[in-house]
Amino acid sequence: MTRQALFRKWSVYALALLPIWLLDACILNRYPLFGVRPMLLPLAAVTVAVLEGSRAGAGFGLGVGLLWALAYPSGTGIMVIGMTLVGLLTGAAAQYALSQSFLGCLLCSAGALAAIDLWRIAVRLFVRSAGWASMLRVAAPEILYSLAWTPLVYLIFRAVCRRVGGTRLA
């Protein structure tokens, strides 16, 4: 693939991330379900990693992590590293252990969301800001609510992958 084609491809992926981010930040943020809000940015990183592989997933995860750290008030620099690792690990899992399909994306998304919430729980337990039971009452619905958005995110990035010539799927 030429340099110009690669630039075009990743520009289209970045443009496809925009409506997902706007949905996450502006619309779904205002309408919590059962007191929780979904996380769509990790789903985007996982989906691209599943479709494109571990190296591309790590790069896209880095971009998603930067967006998350800069655009959200609660975003921290650890999310840059976290999303890069999520992209790398889920891309490798989909490439070598699972299939690069919707089911693989759903499984990797569930794992990534669980890892993010476990990290949040561990930090809050360390600083003793809340107990296990209350945090799990938030984490479980948040993961399920986020996973409900996986089909939409997958369809968007699958269409982009097919359109711009993804490295894994034709």
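## Close-up views of a predicted model

**View 1. Helix 3, end to end.** Helix 3 is built from 18 residues and spans 25 Å between its first C-alpha and its last, close to the 26 Å expected at 1.5 Å a residue. Keep in mind, here and in the views that follow, that this is a predicted model. Along the chain, helix 3 covers residues 54-71.

**View 2. The buried side of the story for helix 3.** Which residues of helix 3 are buried? They are Ser54, Ala56, Gly57, Ala58, Phe60, Gly61, Val64, Gly65, Trp68 and Ala69. As you follow these names along the helix, one piece of background may help: an α-helix has 3.6 residues a turn, so residues three or four places apart point the same way. The partners that the buried residues of helix 3 pack against are helix 1, helix 2, helix 4, helix 5 and helix 7, the last of these being residues 150-164.

**View 3. The largest pocket.** Here we turn to an open space with a volume of about 810 Å³, the largest pocket of the model. Its lining counts 30 residues, and Met39, Ser74, Arg120, Arg124 and Glu142 are the ones closest to the centre. Sorted by class, the lining holds 19 nonpolar residues, five polar ones and six charged ones.

**View 4. Who lines the largest pocket.** At least two lining residues come from each of helix 1, helix 2 (41-52), helix 3 (54-71), helix 4 (78-96), helix 5 (102-126) and helix 6 (132-147). Which helix gives the most to this lining? Helix 5 does, with six residues.

**View 5. The second largest pocket.** This pocket has a volume of about 280 Å³. Of the 14 residues in its lining, Gly82, Val86, Ala115, Ile116 and Trp119 lie nearest the centre. Helix 4 and helix 5 are the elements that give two or more residues to the lining of this pocket. The largest share is that of helix 4, with nine residues. By class, the lining of the second largest pocket has eleven nonpolar residues and three polar ones, with no charged residues.

**View 6. Leucine 6 in helix 1.** Our last stop is leucine 6, which sits in helix 1, a helix made of residues 3-27. Is leucine 6 buried, exposed or partly exposed? Leucine 6 counts as partly exposed because its relative accessibility is 35%, and partly exposed is the class between under 20% (buried) and over 50% (exposed). For a sense of distance, look across to serine 101: this residue is 95 residues from leucine 6 along the chain, and the two C-alpha atoms are separated by 23 Å.

Conventions
Residues are numbered from 1 along each chain as its sequence is written. This is a predicted model: local features need pLDDT of at least 70, side-chain atom pairs count only at pLDDT 80 or more; totals for chains, interfaces and linings use all residues. Side-chain values use heavy atoms; hydrogens and water are left out. Helices (H or I, at least four residues) and strands (E, at least two) are DSSP runs, numbered from the N terminus. Buried means under 20% relative accessible area, exposed over 50%, partly exposed in between (1.4 Å probe, protein chains only). On a 1 Å grid over the protein atoms alone, a cavity is a set of points where a 1.4 Å probe fits but cannot get out, and a pocket is an open set with protein on both sides within 12 Å along at least five of seven lines; lining residues have an atom within 4 Å of a point. Grid points are joined across faces, edges and corners, and a volume is the space filled by probe spheres set on the points. Ala, Val, Leu, Ile, Met, Phe, Trp, Tyr, Cys and Pro count as nonpolar, Asp, Glu, Lys and Arg as charged, and the others, Gly among them, as polar. The expected span of a helix is 1.5 Å times one less than its number of residues. Contact means heavy atoms within 4.5 Å.
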